Amino acid sequence: MTMDEITARREQSPPPSPWRSSRFRLFFTARSTSLLADGMLMVSLTTAVLGAGYGAGGVGYALAAWMAPIVLLVLFGGVFADKFTPQVMMVGADVVRMAAMLALAALLVGSEVRLWQIMALLALSGAATAMFQPGLASLVPQVAEDIQRANALLRISEAICTLLGPGLAGLLVAYWDVAGSFVVIAAAYALSALGLAPLRRLGTARDESDDPMWHRLATGWHEFRARSWLWGVIAVWAVYGLFVFGPALPLGAALLTEQHGASGYGWIASADGAGTIVGGLLGMRVRPRRPLVAGACAMFFFTLNPLAPALGWSFTATALTGVVAGCGFAFWGVMWATSVQSHIPLAVLSRVSAYDVAGSIMVIPVGRALAGPAADAYGADRVLLFSSVMGVVCIGVMLCVPAVRALRRAPKETAEAAVGS
């Protein structure tokens, strides 16, 4: 066997498992506890606001107070992550979120809590989340050589935490009290900070320039728009968020509860989560040459998610579509995250990721806000049928972008920094 043959065989062999890296194990544990806290927050918050007597409108105001800072500040989070390193920003964000949850628990134990107090603390937590989120993309290539498998494992963890978080919060509220559930959420954020703290020693490529904030934002924007596959996907994703993600959750939940009952809807949601786990497992094994094409094709299955309640399918058929839709969405997520993390320079990855996050989530609240009036005017089933059609159209448009079709796997999906064990 010649030396060239040996080298080629080594290049074709997959990188070592992420589990072999102690840094990835720390990051995975930290991320999982953070996701569990996020999964618990919705149930705990809803219970707290309703228990305080502010009704469904109060829940909406509280959620808006949490979401608005994320949308407004996430771009700055990307700048700060590249300036001060993602690790420092993420640890600081977890500490702030822990403090906000403990303060909320204290308010709920003490005197009558005011809605503005809840909103203020949630706004603080949302601002911290905006500082936390962009750094995630930058850390994955630094803690694992096999970026795709690492993203798949993280996607599986997200699915499991999404399933377990609401149930755990419900048990705590039922058998302890709502203030206690916020204490547990704070503890989860504290564990996340403890897991991320040792990663401060990673050799992160920091932005050492003295450029003003606007110039750093402009640099991130330049890197973002310089790649047509990147901004092309996000442009399509914004339309997808408006017409598919926006209406699918509120209208789908209402129709499925009406068609199959509350318990039936719960099982269907669990089926969707199970599909997400399956999609993550596929993402660990399947390594397509054109990851965005493969991921986009998998996203065609997600159009079944709004289609099933729109057409009133049986419980069994709807549950099966939930599995398939969740699988397609998770597989796309793995392909997309791996493509971004392996094709964008590490020094600007947090800023580019911030534009990715902002473009992906900015219009979803608009879609959800318009879902109700649209359902009143045309019927929830017709709106969801339109969402399904738009899902097919959007993915078809995405596949028509030449740069999306042409993007191949990075020759070597490794970080610029060395990965230790």
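Biologist: Is cysteine 327 buried or exposed?

Modeller: Cysteine 327 is buried in this predicted model. Its relative accessible area is 15%, and the cut-off for buried is under 20%.

Biologist: Which cysteine sulfur is nearest to the one in cysteine 327?

Modeller: The nearest is the sulfur of cysteine 297, 13 Å away. Cysteine 327 is in no disulfide.

Biologist: Remind me, what is a disulfide?

Modeller: A disulfide is a covalent bond that joins the sulfur atoms of two cysteines.

Biologist: What about cysteine 297, then? Which cysteine sulfur is closest to that one?

Modeller: That would be the sulfur in cysteine 400, at 11 Å. To count as a disulfide, two cysteine sulfur atoms have to be within 2.5 Å, so 11 Å is too far for a bond.

Biologist: How many disulfides does the count come to?

Modeller: The count is zero.

Biologist: And how accessible is cysteine 297?

Modeller: Cysteine 297 is partly exposed, at a relative accessible area of 36%.

Biologist: OK, switching to charges. How many salt bridges are there?

Modeller: Seven salt bridges. One of them pairs aspartate 82 with arginine 351, with 2.7 Å between the closest N and O atoms.

Biologist: Why does that pair tie together parts far along the sequence?

Modeller: Look at where the two residues sit. Aspartate 82 is in helix α3 (residues 55-84), while arginine 351 is in helix α14 (residues 349-361), so the salt bridge ties together parts that are 269 residues apart in sequence.

Biologist: Are those two buried or exposed?

Modeller: Aspartate 82 and arginine 351 are both buried.

Biologist: Which residue does aspartate 94 meet in a salt bridge?

Modeller: Aspartate 94 meets arginine 97, at 2.8 Å from N to O. Here both partners lie in helix α4 (residues 86-109), three residues apart, which is about one turn of the helix. Both of them are buried as well. Salt bridges with shared partners also join Asp38, Asp94 and Arg97 into one network.

Biologist: Let's look at threonine 129. Where is it?

Modeller: Threonine 129 is in helix α5 (residues 115-132). Threonine 129 is buried, with a relative accessible area of 7%. Apart from neighbours within four places in sequence, threonine 129 is in contact with Trp66, Ile70 and Arg97. So Arg97 turns up again, the partner of aspartate 94 in that salt bridge.

Biologist: Where does aspartate 146 lie?

Modeller: Aspartate 146 lies in the loop between α6 (135-143) and α7 (147-175). With a relative accessibility of 0%, aspartate 146 counts as buried.

Biologist: What do aspartate 146 and arginine 149 do together?

Modeller: Their side chains meet in a salt bridge, 3.5 Å from N to O. The side chain of aspartate 146 also reaches the backbone nitrogen of arginine 149, at 3.1 Å.

Biologist: What else does aspartate 146 touch?

Modeller: Not counting residues up to four places away in sequence, aspartate 146 touches Pro15, Pro16, Pro18 and Arg287.

Biologist: Now helices. What span should α9 have, going by its residues?

Modeller: Helix α9 (residues 213-225) has 13 residues, and at 1.5 Å a residue it should span 18 Å. Its end C-alpha atoms are 18 Å apart, which agrees.

Biologist: Which residues of α9 are buried?

Modeller: Arg216, Leu217, Gly220, Glu223 and Phe224. Seen down the helix axis, the buried residues of α9 fall within an arc of 120 degrees, so they line one face of the helix.

Biologist: What do they pack against?

Modeller: The buried residues of α9 pack against α3, α10 (228-285) and α14.

Biologist: Which helix is proline 247 found in?

Modeller: Proline 247 is in α10, and it is buried, with a relative accessible area of 6%. Leaving aside neighbours within four places in sequence, its contacts include Leu242, Gly367 and Val383. Proline 247 and alanine 374 are 127 residues apart in sequence, yet 9.2 Å apart in space, C-alpha to C-alpha.

Biologist: Last one: what is phi for threonine 85?

Modeller: Phi of threonine 85 is near 85 degrees, a positive value in a residue other than glycine. Threonine 85 is in the loop between α3 and α4, and it is buried, at 11% relative accessible area.

Terms used: Residues are numbered from 1 along each chain as its sequence is written. This is a predicted model: local features need pLDDT of at least 70, side-chain atom pairs count only at pLDDT 80 or more; totals for chains, interfaces and linings use all residues. Side-chain values use heavy atoms; hydrogens and water are left out. A salt bridge is a side-chain nitrogen of Lys or Arg within 4 Å of a carboxyl oxygen of Asp or Glu. Helices (H or I, at least four residues) and strands (E, at least two) are DSSP runs, numbered from the N terminus. Buried means under 20% relative accessible area, exposed over 50%, partly exposed in between (1.4 Å probe, protein chains only). The expected span of a helix is 1.5 Å times one less than its number of residues. The arc is that of the directions from the helix axis to the C-beta atoms. Contact means heavy atoms within 4.5 Å. A polar contact is a pair of N or O atoms within 3.5 Å; within protein, one must be able to donate a hydrogen and the other to accept it, and residues adjacent in sequence count only if both atoms are side-chain atoms.
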